[in-house]
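Biologist: I am new to this one and would like to understand the words you use for it. Could you show it to me, and let me ask how each label is earned?

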Amino acid sequence: MANETGVAQAAISRIENGTRDALSQEEIQAIARVLGFPVRFFYEQEPLYRVPMSLHGAAFRKKASVSSKDQHAVVALANLYVIHFRKMLEAVDLEPQFPLLQFEVVNDKSSVSDNANGVTSASEAARKVRASWQLGSGPIQHLTQFVEATGILVVDGDFGMADIDGVTLRPPGMRPVVVLNRDRPADRKRFSLAHEYGHAVLHPYPYDGMEQEANEFAAELLMPRDGVLPDLKRGLSIPRLGQLKQKWRTAMSALIYRAKALGTITDEAATSLYKRMSASGYRIREPQEFDIEPETGKLAGQLVDVHLTGLGYQIEELADAVRIGPEEFASMHGLLPPEVVRAAATKPKLRLIASSD
């Protein structure tokens, strides 16, 4: 970046660390040009939500090995989506079909805050969520639709090389925004979404044990005890796990873990199944013949489409409103690049002649 901008590397480092505020106009323009954002973007006054979490910050799911650089990159991407959605929601009334329930896991329900309901476990919260969605104890065929029906915006993001599954931001005055790693397999993304939804309903602020609670919530939400228990009581093999994966739409490894947690198999049996999966390379990539159809969020796309078709905006106008380039805006929201749209609009039409000959 120093080579391309002509700004000294030490100066760029100080800018990143927040120890240098004064920049010349030439330096600002050079940095903006290289990064591909308008100069106005860097003066955006929208609040940013960072890690580690603050009271109104992000519920962040990550591995301990993830670098600070990767964490900041993913959280920055999530903040970009928040800026876009907040701006677009100013012109649209969002009417969720289901309430976004709020729970607190407590030993004494008399100590629950005013805006939440007390539960004794994350599993109890998941059962109450399923009841509010009027589901029985069977599989959820399209989890994303139910999550979005509570007003949460779910998008797939480009996480680059970051080994992160998902991030949830809870901006004040907005419903949470969940950004999932678009490169993850469909079954893993479903569990990640259930995990992030657990944060949305259980964790208005961070505390020890919340990651474990989010995993427990996700397991009960996707594989409710009363529904999955009969399936897990039968003998588990790799082919059997593949069948159950297609039924419950969760990873085979997650089904093994769930069986162990519910006591239908021993720790030794679970270890044996994991070893068989590892020997076949299934811990890295589960068998393709058992793959499930991917889910994609629709609410965010509908929000963009309302502005493009219903309100008559051009991509360039929406991009300008959120202070980024139109190509970047199109890429983030799964739209064709503006130049492709323009080229298609100017192509001559061909004549198609139908004949009985």
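Modeller: What follows is a conversation about this predicted model, going label by label.

Biologist: Let's begin with charged pairs. What makes Glu220 and Arg127 a salt bridge?

Modeller: The closest N and O atoms of Glu220 and Arg127 are 3.8 Å apart. The cut-off is a side-chain nitrogen of Lys or Arg within 4 Å of a carboxyl oxygen of Asp or Glu, so the pair of Glu220 and Arg127 counts as a salt bridge.

Biologist: Which parts of the chain does that pair tie together?

Modeller: Glu220 lies in helix α8 and Arg127 in helix α5, so the pair ties together parts that are 93 residues apart in sequence.

Biologist: Why is Glu220 called buried, and what is Arg127 called?

Modeller: Glu220 has a relative accessible area of 4%. Buried means under 20%, so Glu220 is buried. Arg127 has 42%, and because partly exposed runs between 20% and 50%, Arg127 is partly exposed.

Biologist: How do you know that Arg182 and Asp158 form a salt bridge?

Modeller: Their side chains meet at 3.4 Å, N to O. The limit is 4 Å, so Arg182 and Asp158 pass. This pair links distant parts of the chain: Arg182 sits in the loop between β6 and α7, and Asp158 in the loop between β4 and β5, 24 residues apart. At 43% relative accessibility, Arg182 counts as partly exposed, and Asp158, at 43%, counts as partly exposed too.

Biologist: Where do Arg249 and Glu295 lie, and are they buried or exposed?

Modeller: The side chains of Arg249 and Glu295 meet in a salt bridge of 3.5 Å, N to O. Arg249 lies in the loop between α10 and α11 and Glu295 in the loop between α12 and α13, so the pair ties together parts that are 46 residues apart in sequence. Relative accessibility is 10% for Arg249 and 9% for Glu295. Buried means under 20%, so Arg249 is buried and Glu295 is buried. Elsewhere, salt bridges that share partners join Asp163, Asp165, Arg184 and Arg188 into one network.

Biologist: How many salt bridges are there by this rule?

Modeller: The count comes to 15.

Biologist: Now a charged residue without one. How do you know that Arg170 has no salt bridge?

Modeller: The nearest side chain of opposite charge, Glu104, is 9.4 Å away. A salt bridge needs 4 Å or less, so Arg170 has none, although Arg170 is buried. Arg170 belongs to the loop between β5 and β6.

Biologist: Which polar contact joins the side chains of Arg170 and another residue?

Modeller: The partner is Gln102, at 3.3 Å. The cut-off for a polar contact is 3.5 Å, so this one qualifies. The side chain of Arg170 also reaches the backbone oxygen of Ala200 at 2.5 Å.

Biologist: What makes Met161 exposed?

Modeller: Met161 has a relative accessible area of 80%. Exposed means over 50%, so Met161 is exposed. Its place is in the loop between β4 and β5. Met161 and Asp70 are 91 residues apart in sequence and 7.9 Å apart in space, C-alpha to C-alpha.

Biologist: Let's turn to empty space. How much space lies in the largest pocket, and which residues are closest to its centre?

Modeller: About 1800 Å³ lies in the largest pocket. Of the 40 residues that line this pocket, the closest to its centre are Leu35, Phe41, Phe42, Leu48 and Ala76. The largest share of the lining, 11 residues, comes from α4. By class, the lining of the largest pocket divides into 24 nonpolar, six polar and 10 charged residues.

Biologist: Why is the other kind of space called a cavity and not a pocket?

Modeller: In a cavity a 1.4 Å probe fits but cannot get out, whereas a pocket is open. By this rule there are two cavities of 30 Å³ or more. The largest cavity has a volume of about 80 Å³, and Glu295 is among the residues that line it. The largest share of that lining, four residues, comes from α7.

Terms used. Residues numbered from 1 in each chain as written. Predicted model: local features only at pLDDT ≥ 70, side-chain atom pairs only at ≥ 80, totals over all residues. Heavy atoms only, no water. 1 Å grid on protein atoms, 1.4 Å probe; cavity = no way out; pocket = protein on both sides within 12 Å on 5 of 7 lines; lining within 4 Å. Points joined across faces, edges and corners; volume = space filled by probe spheres on them. Helix = DSSP H or I, 4+ residues; strand = E, 2+ residues; numbered from the N terminus. Nonpolar A, V, L, I, M, F, W, Y, C, P; charged D, E, K, R; others polar. Buried < 20%, exposed > 50% of the residue type's maximum accessible area, 1.4 Å probe, protein only. Lys, Arg positive; Asp, Glu negative; His and termini not counted. Polar contact = N/O pair within 3.5 Å; in protein donor to acceptor, adjacent residues only side chain to side chain.
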